[in-house]
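User: Hi! I'm new to reading protein models and would like a close look at how the helices pack against each other. Could you walk me through it step by step?

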Amino acid sequence: MLASKMLASDRKPSAVSCLLQAVAVFLICGASVAASAQDFADQVQEMYIAYYGRPADPAGVAFWAEKLQARNGNLAEIIDAFGTSEEFETGFAGLDDVTLVNNLFQQLFGRDADPAGLAFYVDWLESGQAT
């Protein structure tokens, strides 16, 4: 985004999307070339935990795993939909940058961000580099 000063709620989904895209690349790189339906379901579960801090319901897993399989493992649609969802906005839109990044690290890795990682992602948020 070109604006030098953005509202906090305007930045959150974009920065989270960047962070989760990095996680998605990690997940995809670790997957086998011929992913199974279970591999897609597992990736969907990871995105639910990352975005919402909870496991997916069975219908949600089935819906998104089917979309993921149809798109050959491309997580972009899931990332876009989750990052702009009402559930995400309700839970995370009001968090300050440091809290948001640490919350994502807690949900994904069970720990706060290391100082370098925290500084990197907070800088993305504050500078508007995340689009």
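What percentage of the 131 residues of the protein chain count as buried? And what happens where helix 4 meets its partners, helix 2 and helix 3?

Analyst: Happy to help! Please keep in mind that this is a predicted model. To take your opening question, 42% of the 131 residues in the protein chain count as buried. The chain also exposes about 7,100 Å², and carbon and sulfur atoms supply 58% of that area.

Now for the overall layout. The secondary structure comes to 7 helices and 0 strands, so reading from the N terminus you meet α-α-α-α-α-α-α. Contacts across the sequence matter for the picture you asked about: among contacts in the chain with a separation of 6 or more, 62% are between residues 24 or more positions apart.

Before the close look, one general idea is handy. Two packed helices are described by the angle between their axes and by the distance between those axes. Let's use both numbers for each pair.

Start with helix 2, residues 37–52, and helix 4, residues 76–83. Their axes come within 11 Å and cross at roughly 25°. Angles under 35 degrees count as roughly parallel, and helix 2 and helix 4 are therefore roughly parallel to each other. Their crossing is right-handed. If you want to find the meeting place in the viewer, look on helix 2 for Val 44, Met 47, Tyr 48, Tyr 51 and Tyr 52, which meet Ile 78, Ile 79, Phe 82 and Gly 83 on helix 4. Sorted by class, this contact has 8 nonpolar residues, 1 polar residue and no charged residues.

Tyr 52, one of the helix 2 residues in that contact, also gives us a link to another part of the chain. The C-alpha atoms of Tyr 52 and Glu 89 are separated by 9.9 Å, although the two are 37 residues apart along the chain. Glu 89 has its place in helix 5, residues 86–92. With a relative accessible area of 29%, Glu 89 is partly exposed.

Next, turn to the other partner of helix 4. The axes of helix 3 and helix 4 come within 9 Å and cross at roughly 140°. That angle makes helix 3 oblique to helix 4. Here Trp 64, Lys 67 and Leu 68 in helix 3 meet Glu 77, Ile 78, Ala 81 and Phe 82 in helix 4. By class, the contact between helix 3 and helix 4 has 5 nonpolar, no polar and 2 charged residues. Notice Ile 78 and Phe 82: they meet residues of helix 3, and they also meet residues of helix 2.

What lies between helix 3 and helix 4? A loop joins this stretch, and Asn 72 lies in it, after helix 3 (58–70). Asn 72 has a positive phi of about 55° although it is not a glycine. Its relative accessibility is 72%, so Asn 72 counts as exposed.

For comparison, let's visit one more pair, towards the end of the chain. Helix 6 covers residues 97–109 and helix 7 covers residues 115–127; their axes come within 9 Å and cross at roughly 130°. This makes helix 6 oblique to helix 7, and their crossing is right-handed. On helix 6, Asp 97, Val 98, Leu 100, Val 101, Asn 102 and Phe 105 meet Leu 118, Tyr 121, Val 122, Leu 125 and Glu 126 on helix 7. The residues of this contact divide into 8 nonpolar, 1 polar and 2 charged.

Finally, look at Gly 117, which is found in helix 7. Gly 117 has a relative accessible area of 12%; buried means under 20%, so Gly 117 is buried. From C-alpha to C-alpha, Gly 117 and Phe 105 are 9.7 Å apart in space and 12 residues apart in sequence.

Note on methods
Residues numbered from 1 in each chain as written. Predicted model: local features only at pLDDT ≥ 70, side-chain atom pairs only at ≥ 80, totals over all residues. Heavy atoms only, no water. Axes fitted to C-alpha atoms, helices over the stretch in contact; angles between N-to-C directions. Helix = DSSP H or I, 4+ residues; strand = E, 2+ residues; numbered from the N terminus. Parallel < 35°, antiparallel > 145°, perpendicular 65-115°, else oblique. Left-handed = near helix turned anticlockwise from the far one by under 90°. Contact = heavy atoms within 4.5 Å. Nonpolar A, V, L, I, M, F, W, Y, C, P; charged D, E, K, R; others polar. Buried < 20%, exposed > 50% of the residue type's maximum accessible area, 1.4 Å probe, protein only. Areas by Shrake-Rupley, 256 points an atom, 1.4 Å probe, with all protein chains shown as cover.
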